Amino acid sequence: MTFAIDGAATMVVDAEASAVWEAVVDIDSSPQFISPVVSVERIGGSRKGDPLVAGTKWIEVRQYKKETIIQTKTITTVSSNDSAYPRTFSVNVGYGDVHNNLTNTSTITVSPAHTSKDDGSTGTELSDQFEKVRETRFEVSCKILARKLREEYQCPTETITAHYQTAKNN
């Protein structure tokens, strides 16, 4: 049996929805903005610099302390850059033999926030729904996503909430 969790993270950032969308779908630049990501190599579905499409597949190498983790990621669904908000994409992540062939699915949603801030303006809500993720990876992913938005777009994150549920999988 493998311990895994389902979870979700939601944050509201001070940025236009289009800027947030561009940041989260720019997988090729993720090594510059997500500190544990060492490299990204597209291996199918689209080429470097192309928009994400269903079937886009890449290998992502991450370094956590002394552990190197190689993930194979595949986009299963993605909104077009012309579609109305909310926009979403789902990615299947495989961790390989080293991690007992653990896989998870993550669905990212970008939408204008429905709540007003104190000054009357609204931000953009970014949410990520995880299924079958080890807890430590989930927590790290939330922090990394918030850091990328702060660093690239100078967006202070106003709220980050996470909800955990545990599940045991055979």
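**Close-up views of a predicted model**

Among contacts in the protein chain between residues at least 6 apart in sequence, 53% join residues at least 24 apart. The structure is a predicted model, and the legends below describe its overall make-up followed by selected regions.

**Figure 1. Overview of the protein chain, with three helices and eight strands.** Read from the N terminus, the order of elements is β-α-α-β-β-β-β-β-β-α-β. The chain comprises 170 residues, of which 42% count as buried.

**Figure 2. Helix H1 (residues 17-25), largely enclosed by the rest of the structure.** Seven of the nine residues of this helix are buried, and H1 is therefore largely enclosed by its surroundings. The buried set consists of Ala 17, Ala 19, Val 20, Trp 21, Ala 23, Val 24 and Val 25. H1 contributes to two further features shown below: the largest nonpolar core, to which it gives five residues, and the lining of the largest pocket, to which it gives four.

**Figure 3. The largest nonpolar core, made up of 22 residues.** Val 24, Phe 89, Val 110 and Leu 126 have the most contacts inside this core. Two or more residues each come from strand S1 (2-13), H1, S3, S4, S5 and S6. Of the contributing elements, H1 gives the most, with five residues. In soluble globular proteins, nonpolar side chains tend to be buried together.

**Figure 4. Surroundings of the core residue Phe 89.** With residues up to four places away in sequence left out, Phe 89 touches Trp 21, Val 24 and Val 25, together with Ile 75, Thr 77 and Val 78. Its remaining contacts on that basis are Ser 106, Thr 107 and Ile 108. Phe 89 in S5 is also the bridge partner of Val 78.

**Figure 5. Antiparallel pairing of strands S3, S4 and S5.** Strand S3 (residues 57-64) is joined to strand S4 (residues 67-78) by eight bridges, and the two run antiparallel. Tyr 64 has Glu 67 in S4 as its bridge partner. Two residues lie between the strands in the hairpin of S3 and S4, where Lys 65 takes a positive phi near 50°. S4 also runs antiparallel to strand S5 (residues 87-94), to which six bridges join it.

**Figure 6. The largest pocket, with a volume of about 250 Å³.** The lining comprises 18 residues; nearest the centre of the pocket lie Val 25, Asp 50, Pro 51, Leu 52 and Asn 81. Seven of the lining residues are nonpolar, five are polar and six are charged. H1 gives the most to this lining, with four residues. Val 25, one of the residues nearest the centre, is also among the buried residues of H1.

**Figure 7. Ser 111 in strand S6 (residues 103-112).** The relative accessible area of Ser 111 is 9%, under the 20% limit, so this serine counts as buried. Beyond residues up to four places away in sequence, Ser 111 touches Pro 86, Thr 124 and Glu 125.

**Figure 8. Ser 127 in strand S7 (residues 124-133).** Ser 127 counts as buried because its relative accessibility of 19% falls under the 20% cut-off. Apart from neighbours within four places in sequence, Ser 127 is in contact with Ala 9 and Thr 10, and with Thr 107, Ile 108 and Thr 109. Thr 107 and Ile 108 are also touched by Phe 89, the core residue shown in Figure 4.

How values were computed: Residues are numbered from 1 along each chain as its sequence is written. This is a predicted model: local features need pLDDT of at least 70, side-chain atom pairs count only at pLDDT 80 or more; totals for chains, interfaces and linings use all residues. Side-chain values use heavy atoms; hydrogens and water are left out. Buried means under 20% relative accessible area, exposed over 50%, partly exposed in between (1.4 Å probe, protein chains only). On a 1 Å grid over the protein atoms alone, a cavity is a set of points where a 1.4 Å probe fits but cannot get out, and a pocket is an open set with protein on both sides within 12 Å along at least five of seven lines; lining residues have an atom within 4 Å of a point. Grid points are joined across faces, edges and corners, and a volume is the space filled by probe spheres set on the points. Ala, Val, Leu, Ile, Met, Phe, Trp, Tyr, Cys and Pro count as nonpolar, Asp, Glu, Lys and Arg as charged, and the others, Gly among them, as polar. Contact means heavy atoms within 4.5 Å. Two strands pair if DSSP finds at least two bridges between them. A nonpolar core is a set of buried Ala, Val, Leu, Ile, Met, Phe, Trp, Tyr and Cys residues joined through side-chain atoms within 4.5 Å.
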